[in-house]
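Student: Please take one part of this structure and examine it closely, residue by residue. I should then like to see how other parts of the chain are arranged.

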Amino acid sequence: MHDELLSALRKIVGSANVLAGDDKTSYETDWRGQVHGLALAVVRPGSVEETRAVVRHCVERCVAIVPQGGNTGLAGGATPDASGSQIILSLCRLDAIRKVDRANMTVTVEAGCTLQGLRERLMAQGLLLPLSLGSEGSCTIGGNLATNAGGAQALRYGNARDLCLGLEFLTADGDLVSELGGLRKNNTGFDLKSLIIGSEGSLGIITAATLKVEHAPRSSVCAWMAVKNVDDAVALLRRCQASVGTALTSFELMNRASLELAADEFPGMPIPFLENKDVEQFVLMQLDSQEPHDTLQARIEEELGAAMEHAELIDASISDSMQRAKGFWLIRENIVLAQAKKPHVVNFDIAVPISAISRFLDLSTQKIEERYGALPIVNFGHLGDGNLHFSVHTSRLHEAAVTSSLEEDLRDELYRIVLDLEGSFSAEHGIGSRKTSHLRKFKSGARLLMMQNIKRALDPRNLLNPGKVVQSD
């Protein structure tokens with residue numbers, strides 16, 4: 001049966017776009033090399049019509065489909081299982097920008113277009129897609145929507161869901177649903193678009209979307225700031241929001257350990273104020289505005305001066321060029337790269353109310369010390385929306401062979417703290433295959449039952465990305 005299916009798929013997409021053997025290896029592992037699977041084949045359709053035909057052929061033969069974009073996910077949502085019976089549906093060839101509607105301030109784009117490619121095309125026309133991720137050179141619009149990606153500008157513009165005004169997707173039967181008009185008001189029944197977004201390909205396969213765009217800002221200012229503690233960082237956030245309002249695009253927090261790690265891995269990279277041992281936390285802020293650059297810079301200089309007078313701020317460096325601003329952001333991005341080189345790291349992608357961030361950090365540090373003693377903790381993330389990337393470096397415990405269930409125990413302990421603070425144990429990376437057990441454990445009851453019922457209703461044969469997000473049984 002499989003030979004017959006692959007022969008049919010080759011006729012649809014061409015032999016060069018049905019990959020088997022070693023050609024599919026890079027698609028079967030997540031980019032960090034932590035989640036591995038085995039696919040029957042990788043199929044790369046070049047149009048929506050081809051994608052629909054592929055899905056229908058797989059559905060007719062009850063072959064499961066794993067949709068994949070740029071394969072930059074962090075929860076194993078785009079990796080097949082180990083059975084060798086699933087098809088990876090790579091959507092990277094669906095990369096057309098169908099329409100830029102300046103009057104409606106929208107862009108209609110296919111799922112395989114990379115985020116960076118789209119942003120660059122729009123910027124050349126004086127427009128901005130306000131979604132920015134560290135992986136934007138590789139990640140795709142379909143994957144961004146399937147995971148409801150967040151990123152550094154969610155403070156001002158929201159997540160991918162908030163930017164989407166229309167969606168085109170394939171159902172589990174291979175039917176095409178297309179509403180790409182870009183309406184800002186549309187109450188004709190259930191919001192299917194929002195249901196598909198964030199479902200990680202388990203309810204439908206996104207083929208295109210209509211997204212909001214903004215006019216590119218006339219001016220941008222970045223500031224790198226040093227503060228004593230998290231409470232001062234939150235006070236500084238509130239001060240800046242009250243002063244500059246929606247011009248505040250990003251407000252990133254980094255603890256000392258995160259920057260010392262980056263400094264060790266990238267020697268020679270200048271990190272302002274790292275030598276000042278009174279500084280426990282660092283903040284990167286970006287402002288974007290239609291007002292003149294000098295006006296914007298004067299406003300933020302005034303507020304930072306007031307923050308220093310109120311002892312909320314130890315020191316600050318304001319970018320005097322685009323190159324300087326990029327240098328600030330490179331420091332932030334290099335934390336992720338530096339940490340990826342380290343063994344035995346338990347990473348958390350959590351969100352709590354901004355007012356509870358300091359409490360979370362205190363409670364989690366205390367709990368870790370009680371159970372395991374002092375361990376290095378790297379914490380950085382999007383303070384402006386309450387999303388932290390909190391990581392515990394456990395090499396010392398592994399060397400001592402403390403427990404084989406160390407990671408699971410850590411997650412249980414810290415997720416309980418997060419939920420007690422009315423937070424989320426998956427803020428922007430999704431559930432994928434890596435967090436399904438925690439979804440069952442911590443989101444049981446009516447909420448989980450509704451999710452299972454939705455999965456059964458929309459994908460009764462469990463052929464769309466099975467085993468991801470929520471189990472249908």
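**A helix with two faces**

Tutor: Asp3, Glu4 and Lys11 are exposed, and they sit on the face of α1 that is turned away from the buried side of this helix. The model is a predicted one. Helix α1 comprises 12 residues, from 2 to 13, and spans 16 Å between its first and last C-alpha, close to the 16 Å expected at 1.5 Å a residue. Its buried residues are Leu5, Leu6, Ala8, Leu9, Ile12 and Val13. These buried residues lie on the same side of α1, because the arc they cover around the axis is only 160 degrees. The general rule behind such a pattern is that an α-helix has 3.6 residues a turn, so residues three or four places apart point the same way.

As for what the buried side meets, the buried residues of α1 pack against three strands and a helix, namely β1 (18–19), β2 (39–43), β4 (86–90) and α2 (48–60). Just after α1 comes Gly14, whose phi is positive, at about 95 degrees.

Positive phi values also occur in residues other than glycine. Phe273 has a phi near 70 degrees and belongs to the loop between α9 (256–265) and β14. With a relative accessibility of 14%, Phe273 falls under the 20% limit and therefore counts as buried. Val469, likewise not a glycine, has a positive phi of about 65 degrees. This valine lies in the segment after α16 (446–458), and Val469 is buried, its relative accessible area being 9%.

Elsewhere in the chain, seven strands form an open, antiparallel sheet in the order β15-β12-β14-β13-β17-β18-β16. The edges are held by β15 (315–318) and β16 (345–351); each has a single partner strand, so one side of each lacks a neighbour in the sheet. On average, and with direction ignored, neighbouring strands of this sheet are turned by 15 degrees against each other. Within the sheet, β13 (residues 248–255) and β17 (residues 377–382) run antiparallel and are joined by two bridges. Leu253 stands opposite Gly381 of β17.

Two helices pack on this sheet. Helix α8 (residues 230–244) touches β12 (219–227), β13 and β14 (281–289), and its direction makes about 170 degrees with that of β13. Helix α11 (residues 322–340) touches β12, β13, β14, β15, β16, β17 and β18 (387–393), and its direction makes about 135 degrees with that of β17.

Terms used:
Residues are numbered from 1 along each chain as its sequence is written. This is a predicted model: local features need pLDDT of at least 70, side-chain atom pairs count only at pLDDT 80 or more; totals for chains, interfaces and linings use all residues. Side-chain values use heavy atoms; hydrogens and water are left out. Helices (H or I, at least four residues) and strands (E, at least two) are DSSP runs, numbered from the N terminus. The expected span of a helix is 1.5 Å times one less than its number of residues. Buried means under 20% relative accessible area, exposed over 50%, partly exposed in between (1.4 Å probe, protein chains only). The arc is that of the directions from the helix axis to the C-beta atoms. Contact means heavy atoms within 4.5 Å. Two strands pair if DSSP finds at least two bridges between them. Axes are lines fitted to C-alpha atoms, for helices over the stretch in contact, and angles run from 0 to 180 degrees between N-to-C directions.
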